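Student: I am new to this structure and would like a friendly tour. Could we look at it together?

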Amino acid sequence: MGRAIERVLTARHHEVCGRVSSNNRDQLPACLAEADMAIEFTRPDSAVEHLGACLRAGVPVVCGTTGWLDRYGEIQQLTDRLGGALLYSSNFSVGVQLFFALNRKLAQAMSAHGNYQAEVRETHHIHKRDAPSGTALQLTADILAIHPSYHKWSDETSPEAGTLPVISSREGEIVGFHAVRYHSITDEIEIRHNAHSREGFANGAVLACEYLLNKKGIYTMKDVLQLNDW
Ligand SMILES: NC(=O)c1ccc[n+]([C@@H]2O[C@H](COP(=O)([O-])OP(=O)(O)OC[C@H]3O[C@@H](n4cnc5c(N)ncnc54)[C@H](OP(=O)(O)O)[C@@H]3O)[C@@H](O)[C@H]2O)c1
């Protein structure tokens, strides 16, 4: 993602003043001292530490690393306490954000039709470390918040009533596939999103950066794309 984001930044005439990876971690403070913005795409076990460093340095940060949301509250509090700026998204693709919006609308419409069983599915490349994907968890959280028949999720294909199945598979080099399906005895409705390349994530992350510059507070891609009413 770092390389894909750098290509988009350069194409949009932004200057990349530093790059930090696992072999030059000690350069993070020096990079932050120079930067107007930071973009964090690393690993679940290092994201929280990096976000803390950006916030303490007073640098607004856009984060795409998934798999650390159990510590989101901690980072939210730190952002509030320091008056910082943070934009996290489990998926920066504009297409996926529109897919999230459709998922919320569909969950609302299906709320009145308890004879349909819902299901979330995702498939990614074999190198992906976390499962379900952050995107699948977002789709799931939105369904649980909206649809009265579902109170929790499970990775079982046929869980007990009230539990939303969330099925992950890892295959080859698949960039990212997500589907939400409602099925009944008589028919089924499915919405799906299939990412063809990483450029979509990179474009969205740079759009988020441009949005967050000179702002304080916590934002999401719904703010960037004006999808808050969806
Ligand atoms: N939100 C979205 O739209 C979106 C889209 C794609 C991916 N992601 C997520 O973004 C994250 C990164 O994905 P990726 O495909 O770019 O992974 P990747 O190819 O493995 O790259 C991870 C990068 O993080 C660096 N890194 C790892 N541990 C570090 C540490 N402790 N300190 C500093 N740098 C460290 C790695 O450096 P080395 O190579 O030197 O180890 C590498 O440059 C994952 O969580 C993935 O799920 C999110």
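**The sheet and its ligand**

Tutor: Strands E4 and E6 run parallel and are joined by five bridges. Strands are DSSP runs of E with at least two residues, helices are runs of H or I with at least four, and both are numbered from the N terminus. Two strands pair if DSSP finds at least two bridges between them. This is a predicted model, in which local features need pLDDT of at least 70 and side-chain atom pairs pLDDT 80 or more, while totals for chains, interfaces and linings use all residues. Residues are numbered from 1 along each chain as its sequence is written, and side-chain values use heavy atoms, without hydrogens and water.

Student: Which residue stands opposite His-124?

Tutor: Look across to strand E6 for the partner. The residue opposite His-124 is Arg-170.

Student: In what order do the five strands of the open sheet lie?

Tutor: The pairing in this sheet is mixed. For instance, E5 and E6 run parallel, whereas E7 (residues 176-183) and E8 pair in the antiparallel sense. The order is E5-E6-E4-E7-E8.

Student: Why is one side of E5 and of E8 left without a neighbour in the sheet?

Tutor: Strand E5 covers 152-154 and strand E8 covers 188-195. Both stand at the edges of the sheet, so one side of each stays free because each has a single partner strand.

Student: At about what angle does helix H5 run to E8?

Tutor: Helix H5 (residues 94-110) lies across E7 and E8. Angles run from 0 to 180 degrees between N-to-C directions, using axes fitted to C-alpha atoms, for helices over the stretch in contact (heavy atoms within 4.5 Å). The angle to E8 is about 165°.

Student: How many residues surround the ligand?

Tutor: A residue counts if one of its heavy atoms lies within 4 Å of the ligand. The closest are Ser-22, Arg-25, Thr-66, Phe-92 and Arg-198. By class, the shell has four nonpolar, 11 polar and four charged residues; Ala, Val, Leu, Ile, Met, Phe, Trp, Tyr, Cys and Pro count as nonpolar, Asp, Glu, Lys and Arg as charged, and the others, Gly among them, as polar. The number surrounding the ligand is 19.

Student: Which residue has a polar backbone atom 3.0 Å from a nitrogen atom of the ligand?

Tutor: An oxygen atom of the ligand is 3.0 Å from a polar backbone atom of Met-1, but you asked about a nitrogen atom. For that nitrogen atom, the residue is Gly-64.

Conventions. A polar contact is a pair of N or O atoms within 3.5 Å; within protein, one must be able to donate a hydrogen and the other to accept it, and residues adjacent in sequence count only if both atoms are side-chain atoms.
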